[in-house]
Amino acid sequence: MHPKLGLYLTLLLCLLSVNVYAEYKTSGQMTQEEYQKVSESSAEYNECLNEFAMSQLQSQPDARVIADHAMKECASHLEGLYNFLLSGNYPPEAMKRFVGSISNKSANKLLSNLMRYKASQSQ
């Protein structure tokens, strides 16, 4: 292959890849409405987790099982947030990680609270 042709192809591919990534917004470009939606969805998810966990405390002795079922039961709150963010032209993989981090933080906090509660009940 001719060296100039290779250089032109490389340059063309670089320009195309820049344009592909330029189509998506970054989290730094979130609007106030989007921040509000993230906050509301996170709060709704946490509330759902806690309500479900409270309903299971007496019937399920394992806090991990309660947390797991609560996450499955309340997943629709985060799926709605994910879809909302995708409609705002954010990159799907980045939003998957973002929503996953919200889920993980909430689940860790729930599990910690459940373990603490179960420990206090066994004393």
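In which helix does K109 lie? The points below answer this and describe the predicted model as a whole.

1. Status of the model and overall make-up. The structure discussed here is a predicted model. Its protein chain contains four helices and zero strands. Read from the N terminus on, the order of elements is α-α-α-α. The student may find it useful to keep this order in mind when following the points below.

2. Burial and surface. The protein chain has 123 residues, and 25% of them count as buried. Its accessible surface comes to about 8,600 Å². Carbon and sulfur atoms account for 58% of that surface.

3. Contacts along the chain. Consider the contacts in the protein chain with a separation of 6 or more: 73% of them are made by residues 24 or more positions apart. Several of the points that follow give individual examples of residues separated in sequence.

4. The disulfide. How many disulfides does a search of the whole structure find? The search finds one. It joins C48 to C74, with an S to S distance of 2.1 Å. In general terms, a disulfide is a covalent bond between the sulfur atoms of two cysteines. Here the link connects distant parts of the chain, since C48 belongs to helix 2 (residues 32-56) and C74 to helix 3 (residues 63-87), with the two positions 26 residues apart in numbering. The angle about the S-S bond is -85 degrees, and the link of C48 and C74 is left-handed. Are these cysteines buried or exposed? Both C48 and C74 are buried.

5. Packing of helix 2 and helix 4. Helix 4 covers residues 92-122, and helix 2 packs with it at an angle of about 35 degrees. The axes of the two helices are 10 Å apart, and their crossing is right-handed. On the side of helix 2, the contact is made by V38, S42, Y45, N46, L49, N50 and A53. Helix 4 contributes F98, I102, S103, S106, A107, L110 and L114. Sorted by class, the contact of helix 2 with helix 4 has nine nonpolar and five polar residues, and no charged ones.

6. S106, a residue of this contact. S106 is placed in helix 4. Is S106 buried or exposed? S106 counts as buried because its relative accessible area is 8%, and the cut-off for a buried residue is under 20%. Leaving aside residues up to four places away in sequence, S106 touches Y45, N46 and L49. These three residues are also among those that helix 2 brings to its contact with helix 4.

7. K109. To return to the opening question, K109 lies in helix 4. Its relative accessibility is 57%; a value over 50% is needed for a residue to be exposed, so K109 counts as exposed. K109 and A67 are 42 residues apart along the chain, and their C-alpha atoms are separated by 9.8 Å.

8. N113. N113 also has its place in helix 4. With 33% relative accessibility, N113 counts as partly exposed, because this class lies between the cut-offs of 20% and 50%. From C-alpha to C-alpha, N113 and A63 are 9.2 Å apart in space, while in sequence they are 50 residues apart.

9. N89 and its backbone. Where does N89 lie? N89 is found in the loop between helix 3 and helix 4. The phi angle of N89 is near 70 degrees, which is a positive value in a residue other than glycine. The relative accessible area of N89 is 35%, so N89 is partly exposed.

Note on methods:
Residues are numbered from 1 along each chain as its sequence is written. This is a predicted model: local features need pLDDT of at least 70, side-chain atom pairs count only at pLDDT 80 or more; totals for chains, interfaces and linings use all residues. Side-chain values use heavy atoms; hydrogens and water are left out. A disulfide is a pair of cysteine sulfur atoms within 2.5 Å. Buried means under 20% relative accessible area, exposed over 50%, partly exposed in between (1.4 Å probe, protein chains only). Axes are lines fitted to C-alpha atoms, for helices over the stretch in contact, and angles run from 0 to 180 degrees between N-to-C directions. A crossing is left-handed if the near helix is turned anticlockwise from the far one by less than a right angle, and right-handed if clockwise. Contact means heavy atoms within 4.5 Å. Ala, Val, Leu, Ile, Met, Phe, Trp, Tyr, Cys and Pro count as nonpolar, Asp, Glu, Lys and Arg as charged, and the others, Gly among them, as polar. Accessible areas come from the Shrake-Rupley method with a 1.4 Å probe; for residues, only the protein chains shown count as cover.
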